[in-house]
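Let us read a structure together, one feature at a time. Questions come from the learner, replies from the teacher.

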Amino acid sequence: MSRWATAILAGVLMVASADARDTARHVSTRHVSAPHWIASWGSSQMIADGDNALPADRAAAVTLRQIIRLSAGGDRVRVRLSNAFGTRPLAIGSARIARTTAPATPQVGGGAPLTFAGQTGAVIPAGAELYSDPIALPVAPGADVAISLYLPEAAVPQTGHPGARAFSYTLAGDHVADPGFTGAKQTTHWYALADLEVSGATTMGANTGTIVAIGDSITDGYGVKPNHNTRWTDVLAERLRGTRATRGIGVVNAGIGGNRILLDGLGPNLMARFDRDVVARSRVRWAILLEGVNDLGVLTREAPATPAQHAAIVAQVTGAYTQLVARAHAHGIKMIGSTITPFGGNDYYHPGPATEADRQAINTFIRTSGTFDAVIDFDRVMRDPEHPDRLAPAYDSGDHLHPSEAGYRKMGEAVPLTLFGKTTRQVIGAVAPVPVAPVPLKSSADTRPAIALTFDDIPAHGPLAPGQTRADVIRGITTALATARVPAFGFMNAGFGLDHPADAAAAIAAWRTAGLPLGNHTYSHGDLAKVGASAFVADIVRNEAPLARVAKGTDWHWFRYPFLSEGKSIADRDAVRAALKGRGYRVAAVTMSFDDYNWNPPYAACAAKRDRAAITTLETGYLAAARTAALASRARAKAQLGHDIPYVLLMHVGAFDARMLPRLLSLYTSMGFRFVTLAEAEANPYYAAATDLTRPTASPSLQGPPSVAAPVGPPAGLCG
């Protein structure tokens, strides 16, 4: 075992500088500049257990010969081996790479040994991956090559990729240099093999790089027969290498059958594996994301889900997309989103109308949120025009979830090659271009339901997280609004935040610096039903001077009732309305609310305890409550009026609101909402009693029982 102890040190050192080192045998082939490596083939690693593991009689003292098809070609190659899921070191006794000489056989010709820091063997630490030394070996685009590994000891557990869709071979003993591999046994899995990278003349152009297609079984190629190479990614790679401008682009299939975005299942969840499968690969310039169908299907596979659970899965999936795009952009990788294909009629997941609504909501987010750099609308390409919740029969494998080989070809052909190299946002398969962000749309031709965002209690609302200031909260909110290009209106209480006046002043200044308007919420936030009309009006007037100073240059004559209370008597209501009318005010009515203020105290408590699991629970519940409330408001409007109105949403400048606002805006966009100003919303005739205070009535509020469940608040006692 001392040999392997020596090799482990050499292997670890080699990982840090694989690009900068070559063996003396190949020194004459070195480039003066550092090699320009791109991944020409790769697979996603996971635990290979059960039927996917090597049989006990072939798990040690065995040679694996694994056949892979490259995408891009090059003059030099290197291989990345993986022990990512092993719990003890994996010994590589010897290794070799060679071209195949006959299709669907282990026969090879020529080739060269692989070395590791100049040694013929190596030890890969548990959880690690290891590059071989670069060697000169010209390989053509689309070539089939065989990588042979001699494993003297079994890995525990084994790391590999079950969905090879290609034949691999095992033979007892060290046979890496055996060209015939006679007596080998056949398998359809890959083991310990993560990537093959190439460099050379064809990889040096301005438009070279790697595309990683990351997804589930539809990307992994479920149903494709071994060695057919007809996954949609194979079709894309074939088209890329057939064009001079794109032949230097490599394609890596990072699909895992049964994979989910949010939870482990077959393989680690997408959020967990994204860095290893996308970011860590060489020269990745584009990632195509097609995943989410298993998250939706599993939700209702065993039993129906509640409306809150449906809302939560949509919010969590779209929130995960946003996180993944941010991680890709941090490394200069363009993210291409792909809509989830139909799976109506599938007997394994048996999706119903609610699941289809979730799929549509997520696809709307993908198409319209502006989150992705480009969008490929596989849903539009693959669906049956007569039954859009189902795959078109010509592209259906028969299980109503996975495409047939004709379907995979259709998908591969639906990706324009012009997508790779352009910097502007594109939507492929859509009817019309999509805006890069949810910009407020004023055209009367836009029939999407609208929301006007309003924020109460500026400058101070609710408890703060440790180390947080009121100004931090406001800046978090205004940054999210600016990023999404969403308008908002704030309502100020000058009597708030006086315990820390400098912080309160900074918070108000941050709101105004962002160019956002302010209105009157009274000085001290008194309840008209408790203080009476005279004292209430006096509190309104007291707030005007400080409000006018900070809101200079804007129309600050908008009023929001504290607690939305217009008094307990008609006399008080009418007296205040008359006073507001006389002072030139309009009322900012509320027609949508999910009691966001209830979520801020438990968040502050959980943040103080650093209870991340509890905060995740709050995040899920918050978005579910927002979705349920939005559906309830729309249901009330249609029940009472027969149509949507522009909704005015009540929110507060709380710590948790600041944390959640980016995901909340994405949620509303995924639900099909657009964003408008308060003035635009209340120009609708529905709000006449709020803008014309001579009318003898209360402000409109869409009160009444909804046709969907009311939003649920945070769990009682959480972090309490």
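Q: By class, which residues does the lining of the second largest cavity have?
A: This is a predicted model. The lining has four nonpolar, two polar and two charged residues. The charged class takes in Asp and Glu, and Gly counts as polar. Asp216 and Glu291 both line this cavity. So do Ile218, Leu290, Gly292, Val293, Ile340 and Thr341.

Q: How many cavities of 30 Å³ or more does the structure hold?
A: There are two. About 90 Å³ of space lies in the largest. The second largest has about 30 Å³.

Q: Which residues lie nearest the centre of the largest cavity?
A: Leu90, Leu151, Ala155, Gln158 and Tyr191 do, out of 13 lining residues. By class, that lining has eight nonpolar, four polar and one charged residues.

Q: How do strands of a sheet pair?
A: They pair through backbone hydrogen bonds, either parallel or antiparallel. Here, an open sheet of three strands has antiparallel pairing. Its order is S2-S12-S15.

Q: Which are the edge strands?
A: They are S2 (46-48) and S15 (190-191). Each pairs on one side only.

Q: How many bridges join S2 to S12?
A: Three bridges do, and the two strands run antiparallel. Strand S12 spans residues 158-161.

Q: In S12, what is the bridge partner of Met46?
A: Gly160 is the partner. Return to the cavity for a link: Gln158, in strand S12, is among the residues nearest the centre of the largest cavity. Tyr191, in edge strand S15, is another of them.

Conventions
Residues numbered from 1 in each chain as written. Predicted model: local features only at pLDDT ≥ 70, side-chain atom pairs only at ≥ 80, totals over all residues. Heavy atoms only, no water. Pairing = 2+ DSSP bridges. Helix = DSSP H or I, 4+ residues; strand = E, 2+ residues; numbered from the N terminus. 1 Å grid on protein atoms, 1.4 Å probe; cavity = no way out; pocket = protein on both sides within 12 Å on 5 of 7 lines; lining within 4 Å. Points joined across faces, edges and corners; volume = space filled by probe spheres on them.
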